[in-house]
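This report sets out the architecture of a single protein chain for a reader who wishes to follow it alongside the coordinates.

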Amino acid sequence: MRRRRYKSYELSTGCAVEACLEVIGGKWKGVILHHLMTYGVMRFNEIQRLKPNLSPRILTAQLRELEEDGVIVRKVYPVVPPKVEYSLSKAGESLKPLIQSMQDWGDEHLLRTNAPVSRRAKASVQNNHESQDQLSRAR
């Protein structure tokens with residue numbers, strides 16, 4: 001098991017936030033979780049294809065850490081060649097609202113700061129934002 005930063009955590013001082021960030025923090029963990037939320041069960045190469053800049057070594061390390069923390073499930077099939085699938089665990093499923101909130105905040109931040117975003121992505125974000133506005137007005 002991976003070493004934790006602290007021997008014990010003090011819940012009232014924000015250490016719970018730090019504990020959460022230990023699990024989902026890192027350059028690629030949030031992205032991996034987002035893809036598993038979006039596409040469901042995925043194989044290693046499917047994740048790799050979605051993020052070609054992510055080296056196999058780093059992807060393996062990130063997947064192992066997420067598995068050790070109980071956020072994803074790794075299922076190995078006894079076939080040749082080996083077949084391995086990754087999916088969210090119950091703990092991983094409980095992260096869906098958090099990851100979705102991070103996605104929403106990131107979308108708004110990129111639009112607000114005029115970050116270089118592809119036209120297709122920008123249109124998708126704006127359509128999503130308009131849909132949310134219509135839902136809010138309907139309530």
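The sections below treat the overall make-up, the sheet, the helices and some individual residues.

## Overall make-up

The model is predicted. Its secondary structure comes to 7 helices and 3 strands, and along the sequence these elements follow the pattern α-α-β-α-α-β-β-α-α-α.

The chain has 139 residues, of which 24% are buried. Among contacts with a separation of 6 or more, 47% are between residues 24 or more positions apart.

## The sheet

The 3 strands form an open sheet in the order 1-3-2, with antiparallel pairing. Strand 1 (42-43) and strand 2 (72-77) are the edge strands, and each of them pairs on one side only. Helix 2 (residues 29-39) packs on this sheet and touches strand 1, strand 2 and strand 3. The direction of helix 2 makes about 90° with that of strand 3.

Strands of a sheet pair through backbone hydrogen bonds, in either a parallel or an antiparallel manner. Here, strand 1 and strand 3 (residues 83-88) run antiparallel and are joined by 2 bridges; Arg-43 stands opposite Glu-85 in strand 3. Strand 2 and strand 3 also pair in the antiparallel sense, over 6 bridges, and Arg-74 stands opposite Tyr-86 in strand 3. A hairpin of 5 residues joins strand 2 to strand 3.

The loop between strand 2 and strand 3 contains Pro-81. The peptide bond leading from Val-80 to Pro-81 is cis, and its omega is near -5°.

## Helix 4 and its buried side

Helix 4 (residues 56-68) has 13 residues, which at 1.5 Å a residue should span 18 Å; the end C-alpha atoms are 18 Å apart, so the expected and modelled values agree.

Four residues of helix 4 are buried, namely Leu-59, Gln-62, Leu-63 and Leu-66. They lie on the same side of helix 4 because they cover an arc of only 100° around the axis. An α-helix has 3.6 residues a turn, so residues three or four places apart point the same way. The face of helix 4 turned away from the buried side carries Arg-57 and Arg-64, which are exposed.

The cover over the buried residues of helix 4 includes helix 1 (15-24), helix 2, helix 3 (44-50), strand 2 and strand 3. Just after helix 4, Gly-70 adopts a positive phi of about 75°.

## Packing between helices

Two packed helices are described by the angle between their axes and the distance between the axes. For helix 1 and helix 2, the axes come within 8 Å and cross at roughly 75°. Angles of 65 to 115 degrees count as roughly perpendicular, and helix 1 and helix 2 are therefore roughly perpendicular to each other. At this junction, Glu-22, Val-23 and Ile-24 in helix 1 meet Lys-29, Gly-30 and Leu-33 in helix 2.

The axes of helix 2 and helix 4 come within 10 Å and likewise cross at roughly 75°. Helix 2 and helix 4 are therefore also roughly perpendicular to each other. Helix 2 contributes Lys-29, Ile-32 and Leu-33 to the contact, while helix 4 contributes Leu-59, Gln-62, Leu-63, Glu-65 and Leu-66. Lys-29 and Leu-33 of helix 2 thus take part in the contact with helix 1 and in that with helix 4. Leu-59, Gln-62, Leu-63 and Leu-66, which meet helix 2, are the buried residues of helix 4 described above.

## Individual residues towards the C terminus

Gln-100 is located in helix 6 (residues 96-112). With a relative accessible area of 34%, Gln-100 is partly exposed. Its C-alpha atom is separated by 9.3 Å from that of Met-37, although the two residues are 63 residues apart along the chain.

Asn-114 is found in the loop between helix 6 and helix 7 (119-138). Phi of Asn-114 is near 55°, a positive value in a residue other than glycine. Asn-114 has a relative accessible area of 63% and is therefore exposed, the cut-off for this class being over 50%.

Methods
Residues are numbered from 1 along each chain as its sequence is written. This is a predicted model: local features need pLDDT of at least 70, side-chain atom pairs count only at pLDDT 80 or more; totals for chains, interfaces and linings use all residues. Side-chain values use heavy atoms; hydrogens and water are left out. Two strands pair if DSSP finds at least two bridges between them. Contact means heavy atoms within 4.5 Å. Axes are lines fitted to C-alpha atoms, for helices over the stretch in contact, and angles run from 0 to 180 degrees between N-to-C directions. The expected span of a helix is 1.5 Å times one less than its number of residues. Buried means under 20% relative accessible area, exposed over 50%, partly exposed in between (1.4 Å probe, protein chains only). The arc is that of the directions from the helix axis to the C-beta atoms. Angles under 35 degrees count as roughly parallel, over 145 as roughly antiparallel, 65 to 115 as roughly perpendicular and the rest as oblique.
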